[in-house]
Amino acid sequence: MEFSALPFIIHIFILAITPPFFLGIIAKTKAFFAGRKGPPLLQVYYDLIKLFRKGAVYSKTASPLLKVAPVIIVATTFVAGLLLPITGKAPFHFEGDLILFAYLLALARFAIILAALDVGSSFEGMGASREATFGAFSELAFFLGLVVLAVTTNALSLNAIFQWESVHPTLKPVFLLLFFSFFLILLTENSRIPIDDPNTHLELTMIHEVMVLDYSGPDLGLILYSASMKLFLFMALTTSLLWPQPMEWEWISIGTLFLKIAGMAVAIGIVESANARLRLIKIPQFLIANFVVTVFALLVTVFNKGT
Amino acid sequence: MILILLFGIPAFLGVVTLFIPGEERRRVRRRLLMIGAILHALLTLALYFPGVSHSLNDYLVLDSLGFLFLSITSFLFLFVAIYSFGYFQKEHHSIPTEKGVRHLYTPCMLFFLSAMTLTTMTPHLGLLWVAIEATTLATAPLIYYHHHAQALEAAWKYLLICSVGIALALLGIFFIAAASKGSGTALFVSSFVKNAPNLDPRWLRIGFILVLVGFGTKMGLAPLHTWLPDAHSEAPSPVSALLSGALLNAAFLGILRCYQICSAAGLADFAGKLLIIFGLVSLFVAAVFITAQRDYKRLLAYSSVEHMGILSLGIGVGSGFGSLLHVINHSLTKGLLFLVAGQIVLTYRTKKIAEVQGLLKTLPATGILFAVGGLAIMGSPPFAPFISEFLILRDGWVHGHFIAMSLYLLFLSVIFVSMSKSLFDMIQGEKKELPSAQREREGEAPMALPLEGATRAPIIERYGLMTFSPFVFALIVFLLGVYLPPPLVAFLKEASSLLGRPL
Amino acid sequence: MDWLIVGIILTSFVMLGASRLASCIRMVALQGALLSILPLLAKPSFWDFHGLLLFVGSFTIKALAIPFFLFRSLKEARIKQEVEPVVSLHMTLIGGGAVLVLAFSSFRFFALPTAPFPSLIVPAALATVLIGFLLLISRTKAITQVVGFLVLENGVFLFGMTLLSDFPLTVEMGVLLDLLVGVFVMGIMVYHINRTFDHIDTTVLSKLRDIE
């Protein structure tokens, strides 16, 4: 495995520092469409700093799992981030790392579901059940999407997959399909609006937020931070489907990365402003449709490769 | 030139009558209908004279197969037009008409005639498809003629099921075209036949299956016949006669055209097997439903399913001559029966078998015609359908389809027994008091029943115009049963030789 | 061109999943538009009088006239917007996926030289036909059945496009005209069904049966 220090450090730096900023962009976009001024772009950083200064309160029924979970979530998400190429090559890459990537994200989800159940509140339990149900649908599509990518590009490493400019032109529509599919997965996985509303805390219909109600202080800060990182990873992944990653590291790729992801954040903001939350009952249909689109992408790939 | 006139005149008159709406101008429209029918019949007759060209360009060529179907259609249409002259006079006097509705009858009939004509005279599969779909569209408003809920249901089912079926047939035609990919064949039957050895049999097989399913839907082959009983029983009787006698034939012709291609490409056995299966299933379904039927118009409709099954079976076992003869016989006989059924409906105001009795005593002429038609359709001698059904049996036996022929006989006998019971229950028995007479005596105003023609006028009148057409049909059915004129035999032989298999 | 074909299939999926009639009709219009543009992109030789006439004809009929009729009968009959499927939309979507797999997996069998069109067009056409069928049998409203019929017809058209380099103009126009008149008549009937039964749910159309 080749290793060069500068891209590595920059990759870690971007991954660790920038994600909350893009949450700010989404919030600004939504505020713009709602005709408000909106919170400052760096609001999430202020929130995080505030939370880290606070003390934490733990439920009496909870086990140490509750305290461990946020750390696991941050750690897994961060390691997943090291596998994904964002500015040139990823720091770590090997054949089959896309499976590790998917499983690390799944592990984070598993940890948060366990922690939610650990609290012993029925409210959190309900959220955990929903998260598991919808997660089952979206992970299916996510995995299938990765499979399609692997088949299309004949590669098993995320690094190689996202340098896809050289694929056959008849396969290009596949990437558009996958872009749609991954965009919907992004919305689902990160509890964005048509699926879930990240801003509500007191609705019986919410999914993700209900699971973390018992967290406070630094723990909540960690979860918020890891959520922003996850969103960042998904945005990077999804945008790479429209613009392939550069082959080699360059300074300019940092600029393009920021442009791409900021554009994506604006797009999410627009989608969130333009749509209302789906009824819970409609969500599986939405996810199945997404899955079918991914199947379609797979079929097109296999077909075009076969002929 | 004659070919263009043949489908051009009805289409033109149809457009003209479209612009003559209104109840008061009904007579004008009816006269135009008659003019169209007579002109069409005369032009068809003119084609019989030697020296008259049967082809205009590549797209309009009348081969003997098409000519046969054209003659049947033209003949049937003429007499149905004569009949409907009398029929609607009666019906119109009786039911208050909804505004802006009835005037579609004449144009649709004429459009139907035009589309049927085009169907028979084009050897181009694409154009054939267009024409057959046009017949569906032209007849849908005819089925909806009475504008009540059941008619609507029947028309909707008819339109949707047949349109979908025919869309499949188009796919089948494209598949057949795909079979010839690379050889630059246009969609002409003749060029397919010429190019037959080079056709890819895989595509041809699927294509034929699709065409059979698609046009089979329209032809009323079971299990795709579901629209047929509804449409035939809800349409006004002259329309039912045309549906059975002409429209189903159009779809059959579509299947025959593709069969021509298949048999030229050496797939006659494959296609024949499919046709036999569809035919036997239709016979079976018809036998079951005829036995349990309580409605005589539906009974006749199922009898159409039966006879379409016989046609399909006949082609399948390789009896081209018998089947084509049966096309003639069935069209005439079924035309006769539906026209007579129209009189019965007008008289008794019911379609239930149980409520009709003593036909022979109430309306002697109608009763006799109904009996003749019934006997003929069940295949008893000395009427023409017997001859053709027997020919099919003989050919099938000679070609070694023993199981299929045994089943054929079995189903025919079941149908014979159950149908004769139903029909003769209606024909025999004591004279029945008719509903309108009864109501008048009770001093009750006759209601407009959701049936065809609730007549307010005294019932038993002379059905002059209405009896003439069925009488002509009955006469021909009888004569053909006794004696097959040699020119007809030669004509049918020539047409059946197009189907590719020797007798 | 691959994009167009992918788009055609995606529109049929949207129809499978859509819960509103208006969006179904809009999608069928979009599909018709994509379909009529396809030959223009595929064949340079299509830019002659015949090809352009055909494009104008099919575009007007498939993308403008037919949706217009459908919208009009939707409005005149004051039909409620919901699609009312027989089986749940989830199941139809999964069915759509299954159909897609079926259509694509049979491609070896249906291998066919399709130039100048991409070879994707054959499975796409089959899938569209099958999805049309699925729409037809899984919806109760008369107007959605018409939409299903149109999707089916579009699939057939897509298939036909690949095969016939010289489809005679008259015939193709005839097919289009049949389609137009067919939808027109169906639209009128939808109106009548609505007037007679107060809604266009075809489940009411079951009075006619053999044994009472």
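Let me start with a helix pair in chain B, where α8(B) passes α11(B) in a right-handed crossing. Please keep in mind throughout that what we are looking at is a predicted model, with an ipTM of 0.90 and a pTM of 0.86.

Helix α8 of chain B covers residues 201-219 and helix α11 of chain B covers residues 268-291, and the two pack at an angle of about 25°, with their axes 11 Å apart. That angle makes α8(B) roughly parallel to α11(B), because angles under 35 degrees count as roughly parallel. On the α8(B) side the residues involved are B:R205, B:F208, B:I209, B:L212 and B:G216, and they meet B:F270, B:A271, B:L274 and B:F278 in α11(B). Sorted by character, the residues of this contact between α8(B) and α11(B) comprise seven nonpolar, one polar and one charged.

Staying in chain B, I would like to turn to a single residue, B:T119, which is found in helix α4, residues 105-121 of that chain. Is B:T119 buried or exposed? B:T119 counts as buried, because it has 30 C-beta neighbours inside 10 Å, and 20 or more are needed for a residue to be called buried. If we leave aside the neighbours within four places in sequence, B:T119 is in contact with B:L128, B:A131, B:I132 and B:T135, and also with B:A250 and B:L253. By way of contrast, B:Q357 is 238 residues away from B:T119 along the chain, and the C-alpha atoms of these two residues are separated by 41 Å.

Now to the assembly. Two pairs of chains are in contact, and of these it is chains B and C that share the most contacts. Chain A and chain B, on the other hand, are joined by no contact, and their closest C-alpha atoms lie 18 Å apart.

The contact between chains B and C takes 36 residues from chain B and 33 residues from chain C. On the chain C side, the elements that give two or more residues are α5 (121-138), α6 (142-163) and α7 (169-197), and α7(C) gives the most, with 12 residues. The residues on this side of chain C divide into 21 nonpolar, six polar and six charged.

A word on confidence, finally, for chain C. Its mean pLDDT is 81, and 87% of its residues reach 70 or more. Within chain C, confidence is highest in α5(C), at a mean of 89, and lowest in α7(C), at 78, and α7(C) is the element that gives the most to the side touching chain B.

Notes: Residues are numbered from 1 along each chain as its sequence is written. Chains are lettered from A and ligands numbered from 1 in the order in which they are written. This is a predicted model: local features need pLDDT of at least 70, side-chain atom pairs count only at pLDDT 80 or more; totals for chains, interfaces and linings use all residues. Axes are lines fitted to C-alpha atoms, for helices over the stretch in contact, and angles run from 0 to 180 degrees between N-to-C directions. Helices (H or I, at least four residues) and strands (E, at least two) are DSSP runs, numbered from the N terminus. Angles under 35 degrees count as roughly parallel, over 145 as roughly antiparallel, 65 to 115 as roughly perpendicular and the rest as oblique. A crossing is left-handed if the near helix is turned anticlockwise from the far one by less than a right angle, and right-handed if clockwise. Two residues are in contact if their C-beta atoms, placed from the backbone, lie within 7 Å. Ala, Val, Leu, Ile, Met, Phe, Trp, Tyr, Cys and Pro count as nonpolar, Asp, Glu, Lys and Arg as charged, and the others, Gly among them, as polar. pLDDT is the predictor's confidence in each residue, from 0 to 100. A residue is buried if 20 or more other C-beta atoms lie within 10 Å of its own, exposed if 12 or fewer, and partly exposed in between; C-beta atoms are placed from the backbone.
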